[in-house]
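Me: I have a model open and I'd like to learn how to read it. Can you walk me through the features, one by one?

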Amino acid sequence: MELNHRHISLVQQSVDHILPIAQSTGERFYQHLFAQSPELRPLFKGNMREQARKLMTILIHIIANLDHIGQLQELKELADRHIDYQVEASHYELIGASLIFTLSEEMGSHWNEELKESWSLAYDKIAQVMIERHRSVEE
């Protein structure tokens, strides 16, 4: 299934529920990610509270601009930083699974199957843009 306007709308609307809990959501995301994929922990060297804040800030910005994600310069710059941090294309699947799990836990009763599908498709699109950037730099 392709990401469509309905999915984008649902994801963007759900940000209203995430904003008040953005910091805790970011922190729980990293806790889950490292519990599920401890091999990724060494890639993160800084203050994890600050990292959680940065994650949620850029994620919310990307979601707000999901309609034209392929042209979003900030996403390309984020991909470049991830390349520098030695994130591999295969890591994006692990990151996506932890993001979806964390959102489902944090959003509680606001979470449903349609929102899960919409966030999954949105994340897949974000990851696709970043992986394409990885591949273009590797060539």
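Reply: Sure, we'll go from confidence to overall fold, then to one helix, the core and some single residues.

Me: What should I look at before anything else, and how does the chain score on pLDDT?

Reply: Start with confidence, as this is a predicted model. Where pLDDT is low, the predicted coordinates should not be read in detail. Here the chain averages a pLDDT of 93, and 99% of the residues score at least 70.

Me: Which elements have the lowest and the highest mean pLDDT?

Reply: Helix α4 (residues 73–84) sits at the bottom with a mean of 87, while α2 is at the top with 98.

Me: Next, the fold. How many helices and strands does the chain have?

Reply: Six helices and zero strands. Reading along the sequence you get α-α-α-α-α-α.

Me: How do I judge the overall dimensions?

Reply: Compare the radius of gyration with what a compact globule would give. For 139 residues that is near 14 Å, and the chain has 14 Å, so the two agree. The C-alpha trace spans about 40 × 30 × 20 Å along its principal axes. As for the surface, about 8000 Å² is accessible, and 50% of that belongs to carbon and sulfur atoms. Buried residues make up 42% of the 139.

Me: What share of the contacts join residues at least 24 apart?

Reply: Counting contacts between residues at least 6 apart in sequence, 76% join residues at least 24 apart.

Me: How do I check a helix, say α2?

Reply: Use its length. Helix α2 has 15 residues (22–36), and at 1.5 Å a residue they should span 21 Å; the end C-alpha atoms are 21 Å apart, which agrees.

Me: And which residues of α2 are buried?

Reply: Here's the general idea: an α-helix has 3.6 residues a turn, so residues three or four places apart point the same way. In α2 the buried ones are Ala22, Thr25, Gly26, Phe29, Tyr30, His32, Leu33 and Phe34. Those buried residues pack against α1 (5–18), α3 (48–64) and α5 (91–107).

Me: Can you show me that packing from the other side?

Reply: Try Thr102, which lies in helix α5. Thr102 counts as buried, because its relative accessibility is 3% and the cut-off is under 20%. Apart from residues up to four places away in sequence, Thr102 touches Thr25, Arg28, Phe29 and His32.

Me: Now the core. Which residues touch the most other members of the largest nonpolar core?

Reply: That core has 43 residues, and Tyr30, Leu75, Trp119 and Ile126 touch the most other members. Each of α1, α2, α3, α4, α5 and α6 (113–138) supplies at least two residues. The biggest giver is α6, with nine residues.

Me: What is Trp119 in contact with?

Reply: Leaving out neighbours within four places in sequence, Trp119 is in contact with Val11, Ser14, Ile18, Leu59, Ile63, Leu99, Ile100, Leu103 and Trp111.

Me: His7 is a polar side chain to look at too. Is His7 buried or exposed?

Reply: Buried, with a relative accessible area of 3%. His7 belongs to helix α1. Beyond the neighbours within four places, His7 is in contact with Met1, Glu2, Glu117, Ser118 and Leu121.

Me: What about Lys116?

Reply: Lys116 lies in helix α6 and counts as partly exposed at 36% relative accessibility. With neighbours within four places set aside, Lys116 is in contact with Ile100 and Trp111. Lys116 and Arg135 are 19 residues apart in sequence, and their C-alpha atoms are 28 Å apart.

Me: Any backbone angle I should check? What is phi of Gln86 near?

Reply: It's near 70 degrees, a positive value in a residue other than glycine. You'll find Gln86 in the loop between α4 and α5. At 60% relative accessibility, Gln86 counts as exposed.

Me: One last thing: how do I compare sequence separation with distance in space?

Reply: Pick a pair and read both numbers. Glu39, in the loop between α2 and α3, is 29 residues from Leu10 in sequence and 33 Å from Leu10 in space, C-alpha to C-alpha. Glu39 is partly exposed, at 49%. For another pair, Gln13 and Ala52 are 39 residues apart in sequence and 21 Å apart in space, again C-alpha to C-alpha. Gln13 lies in helix α1 and is partly exposed, at 48%.

Note on methods: Residues are numbered from 1 along each chain as its sequence is written. This is a predicted model: local features need pLDDT of at least 70, side-chain atom pairs count only at pLDDT 80 or more; totals for chains, interfaces and linings use all residues. Side-chain values use heavy atoms; hydrogens and water are left out. Helices (H or I, at least four residues) and strands (E, at least two) are DSSP runs, numbered from the N terminus. The expected span of a helix is 1.5 Å times one less than its number of residues. Buried means under 20% relative accessible area, exposed over 50%, partly exposed in between (1.4 Å probe, protein chains only). Contact means heavy atoms within 4.5 Å. pLDDT is the predictor's confidence in each residue, from 0 to 100. A nonpolar core is a set of buried Ala, Val, Leu, Ile, Met, Phe, Trp, Tyr and Cys residues joined through side-chain atoms within 4.5 Å. The radius of gyration is taken over C-alpha atoms; the globule rule is 2.2 Å times the number of residues to the power 0.38. Accessible areas come from the Shrake-Rupley method with a 1.4 Å probe; for residues, only the protein chains shown count as cover.
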